[in-house]
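Okay, thanks for squeezing me in today. I'll put the sequence and the structure up, and then we can walk through it together.

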Amino acid sequence: MEQIVKLLEEMGIALTSDQKKELAEKGGRELRSAGDYAALEQQLAALRQQLEEQQNVHRQQLARMELDGQLAQLVTEAGGRSLPAVKAMLNLDHLLESEEPQQELKEAVERLRQQQGWLFRQERNPAPPLPGKAPQGEAGDLDQWRQEVGL
């Protein structure tokens, strides 16, 4: 503190005894040592690292959510019977690490559709009829049924 007072006097700034006393009191409380600044820098570096790790975790969560949404859409379009069953058959972590996860996801769903056909509805199978309505089928099916029944 004495050095600050000397510097101020050299610069031509005269301080009263009350100002010198107040400066000494504030300076003793507010000035920090070099060790305090080093500790603060370490804390700041640790906080920056934590922030970066949290951002990476959030990016991964967002990428996973996007991939799940795309998978749900692809499975629905492909006529999937059970989204959880399709998810269980795919390695989503591997797809997240790839360079083009959307394209690889499309290819993986198509491969799964070809290899595990029971997970997907077949195009030829019509939906079950509603109660009180006649089942709809191909025109040849109705003619064949009539012949079998004798009509």
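**A charged network and a nonpolar patch**

Let's start with K87: its relative accessible area is 29%, so this lysine counts as partly exposed. Keep in mind while you look that this is a predicted model.

So who does K87 pair up with? The partner is D68, and the closest N and O atoms in that salt bridge are 3.9 Å apart. K87 sits in helix α4, residues 83-89, while D68 belongs to helix α3, so this pair links distant parts of the chain, 19 residues apart. If you'd rather think in backbone terms, the C-alpha atoms of D68 and K87 are separated by 8.7 Å.

Now stay on D68 for a second. Leaving out residues up to four places away in sequence, D68 touches K87 and L92. Is D68 buried or exposed? Somewhere in between, actually: with a relative accessible area of 22%, D68 comes out as partly exposed. The cut-off for buried is under 20%, so at 22% D68 does not get that label.

D68 has another charged partner, and that's R64. Their side chains meet in a salt bridge at 4.0 Å, N to O. Why do those two line up along the helix? R64 and D68 are 4 residues apart in helix α3, which covers residues 34-77, and that means about one helical turn between them. R64 is partly exposed as well, with 30% relative accessible area.

And R64 reaches out to D93 too. In that salt bridge the closest N and O atoms are 2.8 Å apart. Here again the pair links distant parts of the chain, with R64 in helix α3 and D93 in helix α5, residues 92-97, and their positions 29 residues apart. D93 has a relative accessibility of 47%, so partly exposed is the label there.

For anyone who wants the chemistry in a nutshell: side chains of opposite charge can pair when their charged atoms come close.

How many salt bridges does that make? The count comes to 3. Because the bridges share partners, R64, D68, K87 and D93 are joined into one network. If you're following on the screen, trace it from K87 to D68, from D68 to R64, and from R64 to D93.

Okay, let's leave the charges and go to the other end of the chemistry. L142, W145, V149 and L151 form a nonpolar patch on the surface. Together they have about 450 Å² of accessible area. The tryptophan, W145, lies in helix α7, residues 139-149. With 46% relative accessibility, W145 counts as partly exposed.

Let me zoom out before I hand over. The protein chain has 7 helices and 0 strands, so read from the N terminus the elements go α-α-α-α-α-α-α. Of the 151 residues, 15% are buried. The chain exposes about 12600 Å², with carbon and sulfur atoms supplying 51% of that. And if you take the contacts with a separation of 6 or more, residues 24 or more positions apart account for 50% of them.

So if you take two pictures home, make them these: the salt-bridge network of R64, D68, K87 and D93, and the nonpolar surface patch that includes W145. Happy to rotate the view if anyone wants to look at either one.

How values were computed: Residues are numbered from 1 along each chain as its sequence is written. This is a predicted model: local features need pLDDT of at least 70, side-chain atom pairs count only at pLDDT 80 or more; totals for chains, interfaces and linings use all residues. Side-chain values use heavy atoms; hydrogens and water are left out. Patches are made of residues with over 30% relative accessible area and no salt bridge: like charges are joined within 9 Å, nonpolar side chains (Val, Leu, Ile, Met, Phe, Trp, Tyr) within 5 Å. Accessible areas come from the Shrake-Rupley method with a 1.4 Å probe; for residues, only the protein chains shown count as cover. Buried means under 20% relative accessible area, exposed over 50%, partly exposed in between (1.4 Å probe, protein chains only). Contact means heavy atoms within 4.5 Å.
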